[in-house]
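Visitor: Hello! I would like a close look at a single part of this structure, and then a walk outward from there to its surroundings.

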Amino acid sequence: MLSLIIFSPLAFALALAFGPWGGHKSARRAALVLSLAQAAFTAWVLWGGDFSAAGFQLQERLAWLPALGAGYHVGLDGISRWLVALNALLLPIAVLSSWNAVERYPRAHYALMFALQSMVYGVFLSLDMLQFYIFWEASLLPMYFLIGVWGGERRLYATVKFVLYTLAGSLLMLLALVWMAFLARTQTGHLSFDFLDWSSLAIPAGQQMWLFAAFFLAFAIKVPLFPFHTWLPDAHVEAPTAGSILLAGVLLKLGTYALMRFNLGLFPEAAHAFQKPVLIICLIGAVYGALMVLVQRDFKKMVAYSSVSHMGLCVLGLFSFTLAGEQGALLTMLNHGISTGALFLIVGMFYERTHTRDLSVYGGAVLKMPVLGLLFLPVALSSMGVPGTNGFVNEFLCLRGAFEAFPWAGAVAALTVILGAAYMLRLTQKVMYGPLGGAKMEALTDITTRERASLGVLVALIFALGIFPEGILSNTQPSVQAVLARLTPGASTPAAPAPAAGGEARP
Amino acid sequence: MNPLLVVLFLPLATAVFNRLFGARLGKGAAAGLACASVLVAFAFAADSVLGLAALPAASRQVLVHVYDLLDLASFRVGFDLLLDPLSGMMILVVTGIGFLIHLYAVGYMHEEDAGEYARFFAYVNFFVFSMLTLVLAANFLVIFTGWELVGVSSYLLIGFYRGKTSAADAGKKAFIVNRVGDFGFLMAIFLIWNAFGSLDFSAVLPHAAALSPGMATAVGLLLFMGAAGKSAQGPLHVWLPDAMEGPTPVSALIHAATMVTAGVFLVARCHAIFELSPLALGVVAWTGALTAFLAATVAMVQVDIKRVWAYSTVSQLGYMVLGVGVGAYTAGLFHLLTHAFFKALLFLAAGSVMHALHGELDMRRMGGLWRKMPLTCATMIVGAACLAGVPLTSGFFSKDEILLMALRGPHADFGLWLLGYLGAACTAFYSGRLIFSVFFGKPRDHHAYEHAHESPWVMGLPLVLLAVGSLAVGLLGLPGFLTHWQPFTDWLAPVFADLKAVPEASASRALVLGLMALYTGTVAVLGWIAWRLYTGEAAAHPADGEATSALHRLLWNKYFFDEAYGFVFVRALLGYSRWLWRWVDQGLVDGTVNGVAAAAQAAGDFLRGRVHNGRTRQYAAYLAAGACLLLGLALIYHR
Amino acid sequence: MFGVGFFLALAFALFAVGAFGVLTRRDPLVMFMCIEMMFNSGNLALVALSRYLGLASGHALVFFVVAVAAAEVAVGLGIIIAIFRTEKDVNVDHLSELKG
């Protein structure tokens with residue numbers, strides 16, 4: 001089942017690339033139908049899992065390179081479930097966003113989006129680390145082409161920076177992976193790249209430090225954490241709308257997901273040793289990112305820097321090593337995907353109409369686009385973390401987690417509550433309110449039914465997750481508690497890959 | 001189903017419905033729906049409160065669990081509602097006065113087109129929902145939710161005229177300043193969570209004594225930071241006067257009668273924590289007293305009638321905060337109640353004047369309007385009399401009680417009383433100044449005067465009802481020496497049962513009567529001065545920008561708070577961010593990244609120039625040299 | 001007299017002459033011939049050693065080299081002619097376009 005989730009988009013990508021859909025109209029229709037079918041299938045599979053306990057479900061294994069100890073191994077738990085769902089959700093939205101925007105090489109464009117989806121599924125579901133690494137690196141390629149072919153003026157600079165930066169980070173991770181495989185041989189007698197094998201290794205604390213650092217660098221660049229973030233604004237500004245949605249929506253989550261799964265899961269002692277430095281980096285990133293948003297003049301850059309700020313908060317929650325923080329971080333991955341995806345969608349809608357992202361041109365858009373005004377507000381509120389929207393729940397939990405671990409960290413991070421309101425309201429006002437900004441604003445037309453549908457789905461989710469967060473939190477909790485159980489001192493010599501703590505937690 | 005759920009969610013339902021479909025319904029239906037939902041909510045609220053009153057005094061608490069919000073293993077918090085005498089009083093105020101203001105808005109907003117009309121009522125209904133969430137909350141997470149949502153609805157309503165830059169600016173300012181306060185509130189919530197492992201009022205407040213003194217002070221001060229933001233206490237008051245950019249009914253409902261009193265409500269709700277820390281209470285009381293006095297002085301020189309009432313609101317909120325700060329919670333809440341009536345009335349009456357004069361708000365261009373608008377004039381005089389504290393009006397009794405407590409209460413201080421007294425004197429002056437400038441003397445702008453007209457009945461009726469209410473509500477809290485019938489104090493007694501005996505008795509009857517005489521005399525003298533100054537032909541209003549003295553300039557510019565904040569927080573922060581962006585982000589961080597790339601490229605260029613230079617024979621030479629080297633190595637090491 | 005040492009010495013001499021030619025001449029055709037000379041010096045050494053050691057693999061390898069060399073000549077000459085057609089010049093020192 002999980003293999004079908006991973007490889008069906010790849011098959012669809014091939015079908016789109018070589019199928020009989022030559023014109024951009026038939027290509028986009030085919031892409032929409034296939035992406036919806038894919039999402040429906042994924043939803044059906046995910047629905048079937050039982051997440052009341054920790055541990056991986058629906059596992060599938062195949063021997064691939066037995067001599068190297070590398071196999072094909074996939075599995076799903078409460079942590080990956082919702083990220084997989086997010087990935088399934090965002091593709092139809094991204095397809096809809098490029099409905100009229102992409103007329104050059106439409107088949108290739110949609111095929112690459114499907115390929116990207118497939119690679120991202122692969123990352124979220126891999127339990128074999130060599131396989132994980134392959135998906136991880138392969139996810140760069142579709143994005144490289146999406147930005148490089150359909151991007152803006154400086155697309156080559158941006159896309160080369162994005163790919164090289166991320167590649168450079170993951171090289172050290174490859175080294176660490178090989179190291180771990182040999183470590184597995186010294187302890188169990190055979191080479192292994194299997195995550196479940198690795199989680200039962202006893203890794204000496206000294207080695208943990210190096211391994212942790214190598215993994216962390218790769219993931220921190222992807223997240224991106226300050227000071228590794230500068231590729232993100234460039235990539236976002238140059239990327240086409242669909243590229244931005246997928247980049248912010250799912251690609252950034254690869255980093256935070258991997259931090260949670262591998263850095264915390266495999267190297268608990270090193271995680272404790274690195275906790276404070278990482279928290280400080282996150283704090284700087286969260287506040288600094290927010291300050292950067294305040295002074296941007298480019299619509300898309302504002303949203304991109306706000307991602308830096310939000311992801312800083314996410315990792316802050318992650319490294320608080322508290323239940324609230326971990327749950328908050330997981331929820332941030334999801335919610336940020338939804339609300340920032342929606343923001344990029346909105347930027348795309350404006351860009352299609354005005355062909356500029358320069359905020360000084362904007363103003364008073366709501367007078368011409370009342371429906372967009374109605375849908376824009378919840379997105380902005382979610383980004384600010386106002387209760388009732390999903391953004392509040394994760395922000396609250398992340399801050400709470402940080403505060404529980406170190407009150408100073410929570411207090412500094414909470415400054416983003418003020419700064420977030422400042423920059424989001426500034427953006428809202430610049431774009432939506434005030435007198436009409438000029439000829440380009442006069443010519444604005446309100447959003448179409450297609451645009452309403454794609455944005456409407458995200459807005460509905462913003463409210464649903466904001467009002468009933470337990471719907472998600474309750475079935476991520478066992479898996480998250482399993483991660484935490486490994487992190488608690490004393491339990492650092494792991495017994496089984498899935499400690500029973502999760503099962504007992506819910507009475 | 002519990003009637004509280006109807007009270008809470010009916011306004012939300014109509015808000016959503018009106019926002020989505022109201023424009024298609026037409027104006028009458030949209031407004032009718034909005035008003036009806038608040039009226040029904042009021043009826044159900046009254047029913048709930050009557051049900052509560054039927055319970056024995058000690059068990060007057062109803063807890064309603066709606067659903068689980070968060071469940072983190074050892075910690076759970078639900079969407080829980082608590083109806084007790086305190087929240088019962090608040091829901092009656094919110095829905096009752098809210099309904100009258102809705103009714104007024106039907107007339108006031110009638111010139112807007114159907115879409116804007118429906119949007120307005122959707123936002124106002126949403127505000128009612130948010131405010132009810134705030135007051136009905138049974139734990140700190142829900143109260144914070146309501147707290148933020150009233151901020152959102154206030155933001156939306158201040159910026160209601162979306163095409164106006166000043167409106168958008170004012171909304172943004174209100175939200176951000178409130179967020180500064182919310183930062184403190186959030187920290188307080190986290191500290192409480194740390195200390196008690198729960199956010200439920202029932203698990204925190206009765207056991208507050210378990211807090212260490214330092215912790216109680218920290219929690220108290222942080223909570224008050226939130227309260228100060230919402231209740232516009234100095235130095236976080238700057239947003240409230242600007243909030244008058246919104247439609248007048250909004251100013252009346254949100255920025256006078258209900259939302260801004262949330263801070264007072266919060267302190268009263270959490271009095272168990274504040275009582276543990278004399279320092280925190282002291283900060284509350286002194287902030288309130290200073291705000292009451294300073295805002296009243298600013299109100300004395302403003303000429304925009306809504307702005308006068310705005311500063312007056314800041315000042316009156318200062319009195320309420322002073323009241324709760326000296327431990328006189330009942331007195332503070334009583335002033336909250338009376339103020340809700342008379343300030344809503346004053347704003348609506350000001351709106352009526354504005355409506356009649358087609359948007360004119362400058363009192364220097366009014367005068368003699370009593371002939372044209374007798375009803376508005378009469379009701380506004382009633383409101384102003386309450387505000388100024390004319391004897392036997394509700395404001396007289398409530399303010400009197402607070403000042404008495406400042407002098408003789410459990411945390412009394414003469415300085416607090418003096419500030420309060422001086423503020424009350426200023427209040428009498430500016431109330432008289434406004435009334436006399438607007439309604440009496442000779443018309444100063446004849447064109448405007450000729451076109452002035454009385455407002456329609458939908459606007460007049462709420463004015464009359466509020467005026468009657470303003471006078472009658474004073475009866476609920478007559479001074480203790482007059483009568484033993486104390487419905488307000490008795491009603492709230494279960495909420496404050498944990499406090500030590502009410503120290504009413506410590507003030508002798510002579511002192512109370514003496515103070516009353518003092519206030520009465522002050523009001524009379526200052527009212528007379530205002531009459532003399534502002535009913536004449538020229539009146540004593542200086543023109544815009546014309547400062548008669550340094551003091552006048554200071555007050556005219558509201559103590560330069562906006563300028564100071566603009567400099568420190570806006571310009572300095574933006575300048576710093578811009579510097580950070582240019583030099584650190586683009587320069588240092590991105591520069592390093594691009595530097596590494598450039599270095600790699602430079603190294604490549606160097607090698608291309610020197611080694612990889614395209615000369616085939618040179619490559620062949622490298623090849624030969626390499627072969628020789630390998631051969632040599634093989635010869636040396638082959639053994 | 002004609003022992004294996006003689007053939008190896010001859011192969012070495014041929015190789016040295018070939019290598020010297022490749023390094024010093026600028027005409028690609030002559031360089032080509034020098035490269036062929038180096039190939040064949042290798043072939044000579046292979047054959048000689050193969051006979052000396054009584055192994056057949058050396059002989060077999062020579063056929064490989066001859067075949068590859070033939071293919072190489074065909075491709076290489078083709079390239080040289082193509083370059084001459086476009087550049088009107090086949091001095092290798094002037095041909096450095098492909099360095100990037």
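At what angle do α3(A) and helix α4 (residues 106–125) of chain A pack, and how far apart are their axes?

Guide: Happy to help! Please keep in mind that this is a predicted model, so every number below is computed from it.

Let us begin with your pair of helices. α3(A) and α4(A) pack at an angle of about 175 degrees, and 10 Å lies between their axes. Angles over 145 degrees count as roughly antiparallel, so α3(A) is roughly antiparallel to α4(A). Now look at the residues where the two helices meet. On the α3(A) side you will find Ser80(A), Leu83(A), Val84(A), Asn87(A), Leu91(A), Ala94(A) and Val95(A). Facing them from α4(A) are Tyr110(A), Met113(A), Gln117(A), Val120(A), Tyr121(A), Phe124(A) and Leu125(A). Sorted by class, this contact has eleven nonpolar and three polar residues, with no charged ones.

Next, step back to the whole chain. The domain assignment splits chain A into domain 1, residues 1–266, and domain 2, residues 267–490. Taken over C-alpha atoms, the centres of these two domains of chain A are 21 Å apart. Where they touch, domain 1 brings 48 residues and domain 2 brings 51. Here α3 of chain A turns up again: along with α9 (205–222), α10 (231–238) and α11 (241–266), α3 (78–97) gives two or more residues to the side of domain 1 that touches domain 2. The most comes from α11(A), with 16 residues. By class, that side of domain 1 of chain A holds 33 nonpolar, 13 polar and two charged residues.

From here we can move on to the neighbouring chains. Two pairs of chains are in contact, and chains A and B share the most contacts. In that pair, 38 residues of chain A are in contact with 37 residues of chain B. Several helices of chain A give two or more residues to this side, among them α12 (268–294), α14 (323–354) and α22 (470–487). The largest share is that of α19(A), with six residues. The side of chain A that touches chain B divides into 27 nonpolar, eight polar and three charged residues. Chain A and chain C, on the other hand, do not touch, and their nearest C-alpha atoms are 19 Å apart.

Let us finish with chain B. Its secondary structure comes to 25 helices and two strands, and its C-alpha atoms fill a box of roughly 120 × 60 × 55 Å along the principal axes. Chain B has 639 residues, of which 54% count as buried. Among its contacts with a separation of 6 or more, 81% join residues 24 or more positions apart.

One helix of chain B deserves a pause: α25, residues 616–637. This helix of chain B has 22 residues and reaches 31 Å from its first C-alpha to its last, close to the 32 Å expected at 1.5 Å a residue. The number of buried residues in α25(B) is zero, so this helix lies largely in the open.

Note on methods: Residues are numbered from 1 along each chain as its sequence is written. Chains are lettered from A and ligands numbered from 1 in the order in which they are written. This is a predicted model: local features need pLDDT of at least 70, side-chain atom pairs count only at pLDDT 80 or more; totals for chains, interfaces and linings use all residues. Domain bounds come from an automatic or database domain assignment. Two residues are in contact if their C-beta atoms, placed from the backbone, lie within 7 Å. Helices (H or I, at least four residues) and strands (E, at least two) are DSSP runs, numbered from the N terminus. Ala, Val, Leu, Ile, Met, Phe, Trp, Tyr, Cys and Pro count as nonpolar, Asp, Glu, Lys and Arg as charged, and the others, Gly among them, as polar. The expected span of a helix is 1.5 Å times one less than its number of residues. A residue is buried if 20 or more other C-beta atoms lie within 10 Å of its own, exposed if 12 or fewer, and partly exposed in between; C-beta atoms are placed from the backbone. Axes are lines fitted to C-alpha atoms, for helices over the stretch in contact, and angles run from 0 to 180 degrees between N-to-C directions. Angles under 35 degrees count as roughly parallel, over 145 as roughly antiparallel, 65 to 115 as roughly perpendicular and the rest as oblique.
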